[in-house]
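User: Could you zoom in on one spot in this structure for me and tell me what surrounds it? After that, I'd like to hear how the rest of the fold hangs around it.

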Amino acid sequence: MTGSHSELPSPADRRTTDADGHDCVDPLGVAVVTVSSSRGTATETDPSDPGGDAVENILAEASHVVTSRLTIPDDYVQIKTTVGECLERPDVDLVVTTGGTGVTVDDVTPDAVSELFDRELPGFGEAFRRLSWEEVGTRVVATRATAGIARDVPVFVLPGSVNAVELATAEIIAEEAPHLAGLATRHTVGEDDE
């Protein structure tokens, strides 16, 4: 995995509240994992990764920091292992995967990643499919985009389509992830002080 693209302040310095007094973590350290059936082995950032680029660009515009970026093949064990390793990184507050959410036999990303979820976030998939309706109509039934909290980290599993990635990241993730990260880690506040 790639290292930090830029330094993040300490977790305590990034914990804040929004205008409504809700816990937030801002800026977020983000891991982006691209799953691609055309790749045979894991690689560092791939220059032909428009979905991963879209996630990184949109979240960077929202002042978040991509701390890890990886492209891996459609392999159940490798997907689960890679996302699990991202969850263990101290500089990762959010994981976003792209690719492998369809209905073909090699589309296993939602299955592999959801095994890591402590809590599912069904509202994400519902909102994403509602927003996608105007562009793809009834084809929304073919996406298995999902989200959940795994080891206190929000994880979003997106399709590989650039339009879908841009829609989900700009309209939902950039807006909600800081709040989700704050809520998911609220129980840890003060643990470092003990």
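Analyst: Let's start with A54: once you skip its neighbours within four places in sequence, A54 is in contact with V165 and E166. Bear in mind throughout that this is a predicted model. A54 sits in helix α2, which covers residues 50–61. The A54–V165 pairing is a long-range one: the two residues are 111 apart in sequence, yet their C-alpha atoms are 6.8 Å apart in space. Is A54 buried or exposed? The relative accessible area of A54 is 7%, and the cut-off for buried is under 20%, so A54 counts as buried.

Long-range pairs matter for the whole picture here. Of the contacts in the protein with a separation of 6 or more, 76% are between residues 24 or more positions apart. Buried residues make up 51% of the 194 residues. As for what faces outward, the protein exposes about 9300 Å², with carbon and sulfur atoms supplying 49% of that. The overall layout has six helices and eight strands, and along the sequence they run α-β-β-β-α-β-α-β-α-β-α-β-β-α.

Now for the charged side chains. A search of the whole structure turns up nine salt bridges. One of them joins E88 and R151, with N and O 2.6 Å apart. E88 belongs to helix α3 (residues 76–88) and R151 to the loop between β7 (146–150) and β8 (153–158), so this pair ties together parts that are 63 residues apart in sequence. E88 counts as exposed, at 54% relative accessibility, while R151 is partly exposed at 37%.

R151 has a backbone oddity too: its phi is near 50°, a positive value in a residue other than glycine. D152 does something similar, with a positive phi of about 70° although D152 is not a glycine either. D152 also lies in the loop between β7 and β8, and at 24% relative accessibility D152 counts as partly exposed.

Another salt bridge pairs R89 with D91, the closest N and O atoms being 2.8 Å apart. D91 is buried, with a relative accessible area of 18%.

Then there's D111 and R144, whose closest N and O atoms are 3.1 Å apart in a salt bridge. This pair links distant parts of the chain, with D111 in helix α4 and R144 in the loop between α5 (122–136) and β7, 33 residues apart. Both ends are partly exposed: D111 at 31% relative accessibility and R144 at 27%. Elsewhere, salt bridges that share partners join D49, D53, E56 and R69 into one network.

R144 comes up again when you look at D107. Why does D107 have no salt bridge? The nearest side chain of opposite charge, R144, is 6.2 Å away, whereas a salt bridge needs the nitrogen and oxygen within 4 Å, so buried D107 goes without one. The side chain of D107 does reach the backbone nitrogen of V103, at 3.3 Å. D107 sits in the loop between β5 (94–98) and α4 (109–114). Beyond its neighbours within four places in sequence, D107 is in contact with G100, T101, G102 and R144.

What about disulfides? A disulfide is a covalent bond between the sulfur atoms of two cysteines. With the cut-off set at sulfur atoms within 2.5 Å, the count is zero disulfides. Among the cysteines, C24 is buried, with a relative accessible area of 8%, and C86 is buried too, at 1%.

One last backbone feature: the peptide bond joining D26 and P27 is cis, with omega about 5°. P27 is in the loop between β2 (23–25) and β3 (29–36).

Back where we began, then: A54 is a buried residue of helix α2, in contact with V165 and E166 when its neighbours within four places in sequence are left aside.

Technical notes: Residues are numbered from 1 along each chain as its sequence is written. This is a predicted model: local features need pLDDT of at least 70, side-chain atom pairs count only at pLDDT 80 or more; totals for chains, interfaces and linings use all residues. Side-chain values use heavy atoms; hydrogens and water are left out. Buried means under 20% relative accessible area, exposed over 50%, partly exposed in between (1.4 Å probe, protein chains only). Helices (H or I, at least four residues) and strands (E, at least two) are DSSP runs, numbered from the N terminus. Lys and Arg count as positive and Asp and Glu as negative; His and the chain ends are not counted. A polar contact is a pair of N or O atoms within 3.5 Å; within protein, one must be able to donate a hydrogen and the other to accept it, and residues adjacent in sequence count only if both atoms are side-chain atoms. Contact means heavy atoms within 4.5 Å. Accessible areas come from the Shrake-Rupley method with a 1.4 Å probe; for residues, only the protein chains shown count as cover.
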